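Dear colleague,

I am passing on a structure that I have been looking through, and I would be glad if you kept it open beside this email while you read my notes.

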Amino acid sequence: MGSFTAITPVCSFLHANDLSSRIKCLNISYQQKRRHEGLRRKSGVVAYYGLKKPPYNLDALEPYMSQKTLESHWGEHHKGYLDALNRHLSKSDILYGYTMDELVKVTYNYGNPLPEFNDAAQVWNHDFFWESMQPGGGESPTLGLLQQIEKDFGSFPNFKEKFIEAAMTLFGSGWVWLVLKKKEKQLAVVKTSNAVTPIVWDDIPILCLDVWEHAYYLDYKNDKAKYVNVFMDHLVSWHAATARLARAQAFVNLGEPKIPVA
């Protein structure tokens, strides 16, 4: 059985204060692994990433998102990105051992993506999307999250209008996000094209909507507007958003209003 040499980054993630520092650290680790590529494992047994199930049954979002859509979107498209990523990783262990967040950031490579980026980012985005919905979702947030939205957008209807507008004006395929901007210390709506995810810019995602055509075509054909409005009215999980914003306050001091943890 061949020996394995651990590659330790020369900087610590615990002491990186911003995105550029963390990505620099990840890239140093990446370059170290390239230099030691000849020392890769010879056991032939390597575990990569597994397919994560949505946090509900595949028929639980009906009638607003059908089981047929989930079977196609999660079971084929999402799984396809994961399988492609694992095929990339099976050819070399340079990127072995990263968390999915780290893998997305290091393969983004300062805006010059490595071949693994699109598949890694799409896996990350889809996991986040499934967890942005829940059976019986929609309506409006409450308590601290609602107060934060009202503070940053003027009102919840203003936020909703801005989110829907972003989805409808996104050219081509991509994603719409509610994020917390760390430097500005406020919520914002952003849209990204193709596989790009806001974590590469050091934003903290709170919610996302998949507006690739395969996300809605089986249920809504070409009526993207109906899909977007159904997401906001019946699918979005404000419980998940509240929990994410509460966790974000470990990194960003929003002051008032405070988001209840319990």
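Two residues are in contact when they have heavy atoms within 4.5 Å of each other. Please keep in mind that this is a predicted model.

With that meaning of contact, and leaving aside neighbours within four places in sequence, His73 is in contact with His78, His126, Phe129, Trp130, Asp210, His214 and Ala215. His73 lies in helix H2, which runs over residues 67–90, and its relative accessibility is 0%, so it counts as buried, the cut-off for that word being under 20%.

Several of these names return in the UniProt record, where an unreviewed entry lists His73, His126, Asp210 and His214 under "binding site". Although these residues span 142 residues in sequence, no two of their C-alpha atoms are more than 12.3 Å apart, so they gather at one spot. His214 sits in the loop between strand S3 (204–210) and helix H7 (217–220), and, not counting residues up to four places away in sequence, His214 touches His73, His77, Tyr81 and His126.

The other part I looked at is helix H5 (residues 143–153), whose buried residues are Gly144, Leu145, Gln148, Ile149, Asp152 and Phe153. These residues lie on the same side of H5, because they cover an arc of only 145 degrees around the axis. An α-helix has 3.6 residues a turn, so residues three or four places apart point the same way. The cover over the buried residues of H5 includes helix H6 (156–169), strand S1 (174–181), strand S2 (186–193) and helix H9 (238–248). Just after H5, Gly154 adopts a positive phi of about 95 degrees.

With best wishes

Notes:
Residues numbered from 1 in each chain as written. Predicted model: local features only at pLDDT ≥ 70, side-chain atom pairs only at ≥ 80, totals over all residues. Heavy atoms only, no water. Buried < 20%, exposed > 50% of the residue type's maximum accessible area, 1.4 Å probe, protein only. Helix = DSSP H or I, 4+ residues; strand = E, 2+ residues; numbered from the N terminus. Arc of directions from axis to C-beta. UniProt positions renumbered as here; feature names shortened; annotations may be inferred.
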